[in-house]
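Thank you for making room for this on the agenda. Please have the sequence and the model open while I talk, and stop me if a term is unclear.

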Amino acid sequence: MHGKAFAPEYQGELGAALGVNSSYEEVLTAADRALSRADTALERARAALALAEANRRLGQVDDAGSAWRQSYRSARVAGDAGAMAWALWSGGTLARQCGQLRLARRLLAWGVALASDSGERLAHGYALAGLAETGRIQGDYAAVAALHEQLLEQGRKHGEARHMVWAMSGIAQMRRNTGDYTEALELFEECVRISADAQDARGRAWSLRGVADVLSLRGEAEKALALLSEAEVICRAMDLASALAYNHKMRGNVLYRDGRYAAARQMYAIALEEFDVMREPRGAALSRLGLVKSRARLGHDRGETLAELTALEADFARIGLRQAREAAVEFRAEMAAQAEPSMT
């Protein structure tokens, strides 16, 4: 069982004014106002935390970076370890979004420790979830599989829909990446149901993308595209810049798998531009891989394709994206094989 989704990152007066489905422009305005009126260090920490999250979701990474650091400093002045943990969660999440995965793990682990010491259960869960997602993105499934299961159990115990969806979608992604499409689809579809029941539009948008991905892998392109269109409406309504860019990247994936290479190339280019604007190197690199593959299918020069793939492999290795690097290596091997003269 679970209740309606809520947003514990909005605290103090902001907790009463904002909810999980508040648009990030709305959050930005409310947090700015709260920060200007704050009388205590703890109030400033809470307002700056909301400011950091709104800017991060809107892709304004410099402002997000300044805000989470301000939140941490204010929380330290207030002597509130729980508020410090929330700020570190925000900073770690931003670092992951910016492709700084080692820094993300360091900040999130620090947040877990502070939250544990202070008894701030929700911050502890959020920071743990962040650590789990960072490890999953790096492809370190053995290290984070148990952590995802632990988070799911905690979410069920406390009836927290967002935690349940985060944990379950992470497990689903690992199942999808290891070829278990049936279980992945069931888990993603359960995430959609939980998000809808909990009135969590953001969670629903991310979960729909997961369902679309698996349906596409099973050859159901039109169903997948329809779900991505549904999710895009939510992303635009809530100003979810990063989620929208990943939606467009996934649309490129679906079109590519369906053999519509020109349309895929166009979608990857849109996603790449969006990721570049918000300076999100992970999404940008994944979009570039899609672009390279689409152009290659459309007859782009093989030598240039191989050079681009080599550069991408280095980017994926630098960021720490194991599975993406393997995909680039596999496609480069395919291109190189095509370049070899046939034996007679």
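I will go through two helices, one pocket, the nonpolar core and a few loop residues.

First, the ground rules: this is a predicted model, in which local features need pLDDT of at least 70 and side-chain atom pairs count only at pLDDT 80 or more, while totals for chains, interfaces and linings use all residues. Residues are numbered from 1 along each chain as its sequence is written, and side-chain values use heavy atoms, with hydrogens and water left out.

Let me begin with helix 9, residues 161-177; helices here are DSSP runs of H or I with at least four residues, strands are runs of E with at least two, and both are numbered from the N terminus. The expected span of a helix is 1.5 Å times one less than its number of residues, so the 17 residues of helix 9 should cover 24 Å, and its end C-alpha atoms are indeed 24 Å apart. Because 14 of those 17 residues are buried, helix 9 is largely enclosed by the rest of the structure. I use buried for under 20% relative accessible area, exposed for over 50%, and partly exposed for what lies in between, with a 1.4 Å probe and protein chains only. Just after helix 9 comes Gly179, with a positive phi of about 90°.

Helix 12, residues 221-237, can be put to the same test: its 17 residues should span 24 Å, and its end C-alpha atoms are 25 Å apart, which agrees. Which residues of helix 12 are buried? They include Ala221, Ala224, Leu225, Leu227 and Leu228, and further along Ala231, Glu232, Ile234 and Cys235. The buried residues of helix 12 pack against helix 11 (201-217) and helix 13 (241-257), where contact means heavy atoms within 4.5 Å.

Two adjacent positions in helix 12 are worth taking one after the other. Leu225 lies in helix 12 and, at 10% relative accessibility, counts as buried; leaving out residues up to four places away in sequence, Leu225 touches Arg251, Val254, Leu255 and Arg260. Ala226 also lies in helix 12, but at 45% relative accessibility Ala226 counts as partly exposed.

Helix 12 is followed by Asp239, in the loop between helix 12 and helix 13, and Asp239 has a positive phi of about 60° although it is not a glycine. With a relative accessible area of 24%, Asp239 is partly exposed. Arg279, in the loop between helix 14 (261-277) and helix 15, is another residue other than glycine with a positive phi, here near 50°. Arg279 counts as partly exposed at 47% relative accessibility.

Now to the core, by which I mean a set of buried Ala, Val, Leu, Ile, Met, Phe, Trp, Tyr and Cys residues joined through side-chain atoms within 4.5 Å. The largest nonpolar core has 117 residues, and Tyr10, Leu14 and Phe316 touch the most other members. Setting aside its neighbours within four places in sequence, Leu14 is in contact with Ala30, Ala31, Ala34, Arg46, Ala47 and Ala50.

Phe316 also appears among the contacts of Leu289, alongside Leu309, Leu312, Ala324, Ala327 and Ala328, again not counting residues up to four places away. Leu289 has its place in helix 15, residues 281-297, and counts as buried at 7% relative accessibility. Although Leu289 and Leu309 are 20 residues apart in sequence, their C-alpha atoms are 7.4 Å apart in space. Gly290, likewise in helix 15, counts as buried at 5%.

Finally, the second largest pocket, with a volume of about 150 Å³. On a 1 Å grid over the protein atoms alone, a pocket is an open set of points with protein on both sides within 12 Å along at least five of seven lines, a cavity is a set where a 1.4 Å probe fits but cannot get out, and lining residues have an atom within 4 Å of a point. Grid points are joined across faces, edges and corners, and the volume is the space filled by probe spheres set on the points.

What lines the second largest pocket? There are 13 lining residues, of which Val61, Arg69, Leu94, Cys98 and Gln100 lie nearest its centre. Helix 4 (61-78), helix 5 (81-97) and helix 6 (101-118) each give two or more residues to that lining, and helix 4 gives the most, with five.
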